[in-house]
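Work through the exercises below with the sequence and the structure side by side, and try each task before you read its solution.

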Amino acid sequence: MKIVTTPMCEDVLKLAGIMEFDTNSYPDSTNADIAIVLSETDTTMKSVKIKLNTFTQIKTSVEMLQDMFGTSKIESNFDNNKYIGLDRSKNRNIKVKVYSNFLRDIVTDLRFTIIYDDSDYLVYPDYMKDLLSNEIVTMGDRVVEIPTHKNAPKNPIKRAEMRYKLLEKKLCMKP
């Protein structure tokens with residue numbers, strides 16, 4: 001079976017022990033049998049859609065791919081990951097307005113309260129900066145811009161660690 005994946009999913013296949021695959025930003029342009037892509041990626045070919053926003057989603061995706069392709073996990077730090085299973089109940093007191101579904105997943109995982117008005121903080125992806133410029137100015141130093149695409153690591157674990165650290169550092173400093 002010929003597998004193709006996008007650059008953003010490549011490291012997850014490796015974590016799942018899948019070593020034979022092609023990487024292409026446009027999976028439909030290949031002659032692969034199946035594509036492994038992010039959940040929001042549109043493809044016309046047979047595909048497996050995965051989510052890689054939170055550590056739990058990454059772990060679930062790795063395990064699903066292992067089951068699907070009969071592979072063994074490559075050494076990873078999921079069992080010792082400090083972001084999985086922590087009590088974050090204190091974060092519920094912090095009200096956050098979030099733009100984008102992938103950030104909503106992360107903010108929810110960190111147990112912050114998502115609201116739409118009168119928030120303590122505004123969290124948005126870097127590609128929305130111009131669109132939200134007025135709201136960003138209004139919120140002042142209570143905004144968190146999250147790096148995406150070429151501004152974030154391709155490795156999903158490193159990308160998630162960077163985003164979690166950034167959010168915890170900024171949002172847990174509530175005045």
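**Exercise 1.** Which element gives the largest share of the lining of the largest pocket, and how many residues does that share hold?

*Solution.* Keep in mind from the start that this is a predicted model. Begin with the pocket itself, whose volume is about 640 Å³. Next, look at its lining, which consists of 22 residues, and note that the closest to the centre are Met8, Leu38, Glu40, Thr41 and His149. Then ask which elements give two or more residues to this lining, and you will arrive at α3 and α5. The last step is to pick out the largest share, which comes from α3 and amounts to three residues.

**Exercise 2.** Check whether the span of helix α2 agrees with its number of residues, and then describe its surroundings.

*Solution.* Helix α2 covers residues 55-69, which makes 15 residues. The expected span is 1.5 Å times one less than the number of residues. At 1.5 Å a residue the helix should therefore span 21 Å, and because its end C-alpha atoms are 21 Å apart, the two values agree. Now turn to burial, where a residue counts as buried if its relative accessible area is under 20%. In α2 this holds for Phe55, Gln57, Ile58, Ser61, Val62, Leu65 and Gln66. The elements that cover these buried residues include α1, β3, β4, α3 and α5. Finally, follow the chain just past the helix to Gly70, which takes a positive phi of about 65°.

**Exercise 3.** Find the strands that pair with β3, and state how many of the residues of β3 are buried.

*Solution.* Take one partner at a time, beginning with β1 (residues 3-5), which runs parallel to β3 and is joined to it by three bridges. Within this pairing, Val4 stands opposite Ala35 of β3. The other partner is β4, which pairs with β3 in the parallel sense over four bridges, and here Val37 stands opposite Lys49 of β4. As for burial, β3 is mostly covered, since five of its five residues are buried.

**Exercise 4.** Which residues stand opposite Val96 in β6 and in β7?

*Solution.* First consider β5 (residues 95-98) and β6 (residues 113-114), which pair in the parallel sense over two bridges; the bridge partner of Val96 in β6 is Ile114. Then consider β7 (residues 121-125), which runs parallel to β5 and is joined to it by three bridges; in β7, Tyr121 stands opposite Val96. To complete the picture, add helix α3, which together with β5 and β6 makes a right-handed β-α-β unit.

How values were computed: Residues are numbered from 1 along each chain as its sequence is written. This is a predicted model: local features need pLDDT of at least 70, side-chain atom pairs count only at pLDDT 80 or more; totals for chains, interfaces and linings use all residues. Side-chain values use heavy atoms; hydrogens and water are left out. Buried means under 20% relative accessible area, exposed over 50%, partly exposed in between (1.4 Å probe, protein chains only). Contact means heavy atoms within 4.5 Å. Two strands pair if DSSP finds at least two bridges between them. A crossover is right-handed if, with the strands pointing away from the viewer, the path from the first strand over the helix to the second runs clockwise. On a 1 Å grid over the protein atoms alone, a cavity is a set of points where a 1.4 Å probe fits but cannot get out, and a pocket is an open set with protein on both sides within 12 Å along at least five of seven lines; lining residues have an atom within 4 Å of a point. Grid points are joined across faces, edges and corners, and a volume is the space filled by probe spheres set on the points.
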